[in-house]
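Biologist: Can you pull up the model? I'd like to go through a few contacts with you.

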2 protein chains.
Amino acid sequence: MKAERMSDQVARVVEKAITEGQYPVGSQLPPERELAVRLGVSRPTLRQALTTLAARGWLETRQGGGHRVCQHLGDGFSDPLLALLSNDKDYQYDILEYRNALEGMAAWYAALRLTHSDRQRLQACVIELERSHAAGNAEEQARADADFHLAIAEASHNTVLLHSMKALFRVLATSIAESVFQIAGQGDTADRLLAQHKCLLEAILEGDAESAQRASQAHLGFVESCLNESHRQGRQRQRGLQAFNVMPG
Amino acid sequence: MKAERMSDQVARVVEKAITEGQYPVGSQLPPERELAVRLGVSRPTLRQALTTLAARGWLETRQGGGHRVCQHLGDGFSDPLLALLSNDKDYQYDILEYRNALEGMAAWYAALRLTHSDRQRLQACVIELERSHAAGNAEEQARADADFHLAIAEASHNTVLLHSMKALFRVLATSIAESVFQIAGQGDTADRLLAQHKCLLEAILEGDAESAQRASQAHLGFVESCLNESHRQGRQRQRGLQAFNVMPG
DNA sequence: ATTGGTAAATTGGTATTACCAATTTATCTG
DNA sequence: CAGATAAATTGGTAATACCAATTTACCAAT
């Protein structure tokens with residue numbers, strides 16, 4: 001049986017120390033030279049291990065500044081395949097369908113679990129949407145759009161969902177900006193998008209989970225219909241998003 | 001402005017070479033000593049870069065055997081925070097809600113896009129579920145359960161969804177096995193779970209997207225109700241899964 | 001020509017030592 | 001006490017050496 005290599009063992013040991021709270025979020029690990037001695041390995045081997053942990057999002061390092069446990073776990077890493085798919089036009093409908101499920105879920109639970117501070121946060125996000133819409137700034141609109149949807153995800157109080165949506169929006173940043181830019185040139189489309197965001201907010205604030213979910217899905221359906229319907233290579237597929245939107249309710 | 005470190009630049013260059021097809025899936029990278037010379041860096045620096053790519057799931061390495069591009073991209077990596085949340089009892093309801101959304105979506109699109117080979121694959125999976133159920137083997141039941149749900153995800157023909165569900169089931173393997181084991185001791189529960197799987201299959205085979213989604217959600221609702229309802233720490237939350245299940249339809 | 005065994009070559013993994021560059025800390029001066 | 005500067009500490013890179021696993025080449029037997 002093939003033995004696990006030393007640097008992977010070290011990575012496991014350090015990762016376990018992090019997850020068990022020996023190195024709390026934000027704290028600094030011991031210096032490399034010291035940690036290497038403690039763990040009985042050479043500095044290059046330790047650095048292999050720490051590189052692995054950094055790639056997984058556990059650590060952030062700065063030359064001279066030490067290795068620190070990431071302030072927001074999961075924020076330092078990105079799923080390379082998700083990133084690849086998100087920036088490939090062949091998968092833009094896959095991405096939209098996926099968003100539809102996650103954002104529909106977020107809207108549903110946000111409507112059910114909204115706290116007072118969630119309310120304030122969402123209202124502030126919509127104000128920012130209005131502001132960037134009035135300014136006609138596509139980049140700010142894209143950022144405000146992502147902030148709004150992530151605020152809904154936070155209001156859902158489902159940590160797993162929030163984590164997945166953060167990962168998704170991180171890799172979608174570029175293509176969302178492009179979509180907003182593309183859509184901005186289509187007459188009253190930007191006005192309609194803003195109206196949809198407000199409608200979604202209203203449903204959430206009213207605690208109407210079904211309406212919130214429908215509003216979310218209508219919004220994404222509209223986004224889909226606005227996008228450039230370039231020919232879709234590969235499989236002949238059903239345009240599921242439209243159908244998915246008319247889920248009973 | 002802080003310069004990007006050399007090993008991260010090398011990682012980017014190699015990752016780009018992979019994604020652009022210079023190193024196709026399954027192919028072997030040039031030996032370290034040669035690649036280091038080509039890229040003008042030292043072997044330790046190259047190894048830092050390759051370690052990062054391996055941690056992200058792009059590469060698999062074996063001593064003496066070379067560095068190879070992973071056969072199944074995305075399979076070599078796991079999201080550490082997702083893994084952490086999946087094995088923490090405080091988040092088991094978050095996980096169930098998240099599965100509810102993804103598996104509901106998978107069932108929906110599988111019903112719409114089912115191919116002939118998908119049919120065969122799903123039917124084979126259910127046979128395997130029946131076999132492991134009859135044998136009373138919890139570990140095989142857990143594996144058959146995951147295989148069935150992943151086969152549905154494949155039948156949805158949404159690559160992003162499939163990728164996310166694979167990642168989720170990879171980290172849930174342990175806790176699903178525990179759930180199956182826990183549930184197995186509850187009278188006719190295993191029989192009812194098998195019946196639910198069959199009901200879900202029927203709805204998919206009939207191309208009834210709404211029924212498929214409801215069957216999926218009923219299944220997870222039942223799983224939730226069977227699980228040990230341990231006290232839920234932290235926030236006072238609504239039991240959203242039950243409500244989510246009775247989505248109109 | 002094929003198969004199995006063995007040696008050699010090639011590959012990745014680990015270690016030691018040295019030095020560079022960024023950051024942090026200590027010290028000194030006004 | 002604040003600011004400047006030097007020293008110490010930290011991470012980053014490099015060269016060289018050697019170990020261990022895998023692959024390849026070679027040879028003998030069938």
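Biologist: What does the backbone of B:Gly64 do at DNA strand C?
Modeller: Bear in mind that this is a predicted model. A backbone N or O atom of B:Gly64 sits 3.0 Å from a sugar or linking oxygen of DNA strand C.

Biologist: Which elements give two or more residues to the surface near DNA strand C?
Modeller: From chain A, α1 (6–19) and α3 (43–55); from chain B, α2 (32–39), α3 (43–55), β1 (59–62) and β2 (66–69). The largest share, 3 residues, is that of α3(A).

Biologist: And what does the side chain of B:Arg33 lie 3.0 Å from?
Modeller: A base oxygen of DNA strand C, reached by a polar side-chain atom of B:Arg33. For B:Thr61, a polar side-chain atom is 3.1 Å from a phosphate oxygen of that strand.

Biologist: Which residues come nearest to DNA strand C?
Modeller: Of the 24 around the strand, they are A:Arg5, A:Met6, A:Thr45, B:Glu32 and B:Gln63. On the DNA side, sugar and phosphate make up 62% of the strand C atoms that come within 4 Å of the protein.

Biologist: How does that surface split by class?
Modeller: 11 polar, 9 charged and 4 nonpolar residues.

Biologist: Switching to the largest nonpolar core: which members touch the most others?
Modeller: A:Tyr98, A:Leu122, A:Phe148, B:Tyr98, B:Leu122 and B:Phe148, out of 98 residues. Helix α5 (residues 92–113) of chain A gives the most to this core, 12 residues.

Biologist: What is A:Leu122 in contact with, leaving aside neighbours within four places in sequence?
Modeller: A:Leu114, A:Phe148, A:Ala151, A:Ile152, A:Ala155, A:Leu201 and A:Ile204.

Notes:
Residues are numbered from 1 along each chain as its sequence is written. Chains are lettered from A and ligands numbered from 1 in the order in which they are written. This is a predicted model: local features need pLDDT of at least 70, side-chain atom pairs count only at pLDDT 80 or more; totals for chains, interfaces and linings use all residues. Side-chain values use heavy atoms; hydrogens and water are left out. A residue is near a molecule or strand if one of its heavy atoms lies within 4 Å of it. A polar contact is a pair of N or O atoms within 3.5 Å; within protein, one must be able to donate a hydrogen and the other to accept it, and residues adjacent in sequence count only if both atoms are side-chain atoms. Helices (H or I, at least four residues) and strands (E, at least two) are DSSP runs, numbered from the N terminus. Ala, Val, Leu, Ile, Met, Phe, Trp, Tyr, Cys and Pro count as nonpolar, Asp, Glu, Lys and Arg as charged, and the others, Gly among them, as polar. A nonpolar core is a set of buried Ala, Val, Leu, Ile, Met, Phe, Trp, Tyr and Cys residues joined through side-chain atoms within 4.5 Å. Buried means under 20% relative accessible area, exposed over 50%, partly exposed in between (1.4 Å probe, protein chains only). Contact means heavy atoms within 4.5 Å.
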